[in-house]
Structures are given as C-alpha cells and as structure tokens.
Amino acid sequence: MRRQLGFGFLHILITAIIAVVALGVWQHQVKKSEMLAIQEQKAAEAERERQERLAAEKEALAQRLADEKRKDDFEKAAASIDSVYAKWLDAEKLAQSTARIALAQPVAALQQIKRDAEGMIVPPCLDAAKAHLVSGMNWTIDGFVQFMTDKKFAEFTAPPFFSSAKSEFEKFLSAKKACQ
C-alpha cells in the first residue's frame with residue numbers, strides 16, 4: 001500500500017507541477033499577447049500619425065502651389081492690364097494731337113484697345129480696376145466723338161467727358177494698387 005500511496009503522491013505532484021508550469025506558460029503567453037497587442041496598437045497609432053502628418057504636408061504643399069499659381073496669374077493679369085493701359089495712353093496722346101478732321105482713325109484705334117481691355121480675363125481682385133479702366137476708356141472715346149460731331153460747342157460739351165474719364169482712370173490706378 002505504501003507503494004500505491006507513493007505512486008499516487010508522485011502522480012499528484014507531477015500533475016501539480018505540470019499544471020503550475022502550464023499555468024505559467026499560459027500566463028506568459030497572455031502577457032506576451034497583451035504586449036504584442038500594445039506594440040501593434042502603438043505601431044498603428046504611429047502609422048496613423050505619420051499618415052496625418054503626410055496628409056497635412058501634402059495639403060500645405062498643394063496650398064503653396066495654389067498660392068503661387070494665383071500669384072503668377074495675378075502678375076500676368078497685372079502685366080497685361082498695364083500693357084493695355086500703356087497702349088491706351090500712347091493712342092490717347094496721338095488722338096489729342098490729331099486735328100478734328102483726322103480723328104476718326106485714332107478714335108478707331110482707341111475703340112480697339114477698349115475692346116481688348118473688355119476681353120481681358122483678370123483675377124477677381126482686378127475686376128474693379130478693369131471696370132474703371134474700361135469706363136475711363138468709354139468716357140474718353142465719347143469725349144472725342146462729342147468733339148468730332150459738335151463743331152460749334154465742342155470746347156464746352158467735350159471736357160466733361162474727359163473729366164469723367166480722368167476720374168475713372170484715377171480710380172483704376174487706385175483699385176489696381178489696392179489689389180497688389
């Protein structure tokens with residue numbers, strides 16, 4: 001009987017040791033799984049933060065490129081409107097020094113420059129400047145037409161047109177300057 005008791009005790013002892021080792025291995029695996037889950041979670045958070053940072057950098061780059069394009073578009077439009085205005089001033093100077101009888105051709109040139117100005121596409125910032133420029137051109141052309149047609153009182157009826165034109169050109173220059 002003693003042998004049976006020793007064998008049973010040994011059997012229980014071995015079973016207990018196996019159970020304790022199995023429990024230890026199981027707890028180790030659980031902790032290892034938890035650590036892996038924490039590491040995966042941290043890696044996922046780091047990747048999410050990296051993706052957010054990349055998206056923010058990409059958005060900032062796109063914004064910078066859009067700003068540069070708007071700046072380039074504005075500079076091109078400003079140069080174009082300056083060019084039209086310079087042509088206008090040259091043509092207007094020529095018209096002012098032309099005799100009444102020969103004004104038809106210079107006025108036609110002014111009308112063409114005005115049509116070019118009307119057809120210009122400008123950024124919204126320059127819309128007001130363009131409108132004042134075209135208005136000034138219209139007043140000037142109307143003043144020359146008045147001067148050509150009213151031979152008797154042209155020196156009295158034409159100047160208000162030119163005065164209005166001068167005011168519009170001043171507004172054009174102010175609006176253009178404010179836009180820059």
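The largest nonpolar core in this predicted model has 28 residues. Trp88, Leu110, Leu126, Leu133, Met137 and Phe169 are the ones with the most contacts inside that core. Four helices each give two or more residues to the core, namely α1 (2-96), α2 (104-119), α3 (127-149) and α5 (159-179). Of these, α1 puts in the largest share, with 9 residues. As a rule, nonpolar side chains in soluble globular proteins tend to be buried together.

Met137 gives a good look at how the packing works out. Leaving aside residues up to four places away in sequence, Met137 touches Val84, Trp88, Ile113, Lys114, Ala117 and Phe169. Two of these partners, Trp88 and Phe169, also turn up in the list of core residues with the most contacts.

Zooming out, the chain is built from 5 helices and 0 strands, so to speak a plain α-α-α-α-α run along the sequence. The overall outline is a long way from a ball: the radius of gyration is 43 Å, whereas a compact globule of 180 residues would come in near 16 Å. Along the principal axes, the C-alpha atoms fill a box of roughly 150 × 20 × 20 Å.

Buried residues account for 23% of the 180 in the chain. Even so, among contacts with a separation of 6 or more, 70% link residues 24 or more positions apart.

As for the surface, the accessible area of the chain is about 13,100 Å², and carbon and sulfur atoms hold 62% of that. The chain carries 26 positive and 24 negative charges, and the mean positions of the two sets lie 6 Å apart.

Definitions and conventions. Residues are numbered from 1 along each chain as its sequence is written. This is a predicted model: local features need pLDDT of at least 70, side-chain atom pairs count only at pLDDT 80 or more; totals for chains, interfaces and linings use all residues. Side-chain values use heavy atoms; hydrogens and water are left out. A nonpolar core is a set of buried Ala, Val, Leu, Ile, Met, Phe, Trp, Tyr and Cys residues joined through side-chain atoms within 4.5 Å. Buried means under 20% relative accessible area, exposed over 50%, partly exposed in between (1.4 Å probe, protein chains only). Contact means heavy atoms within 4.5 Å. The radius of gyration is taken over C-alpha atoms; the globule rule is 2.2 Å times the number of residues to the power 0.38. Accessible areas come from the Shrake-Rupley method with a 1.4 Å probe; for residues, only the protein chains shown count as cover. Lys and Arg count as positive and Asp and Glu as negative; His and the chain ends are not counted. The place of a charge is taken as NZ of Lys, CZ of Arg, CG of Asp or CD of Glu.
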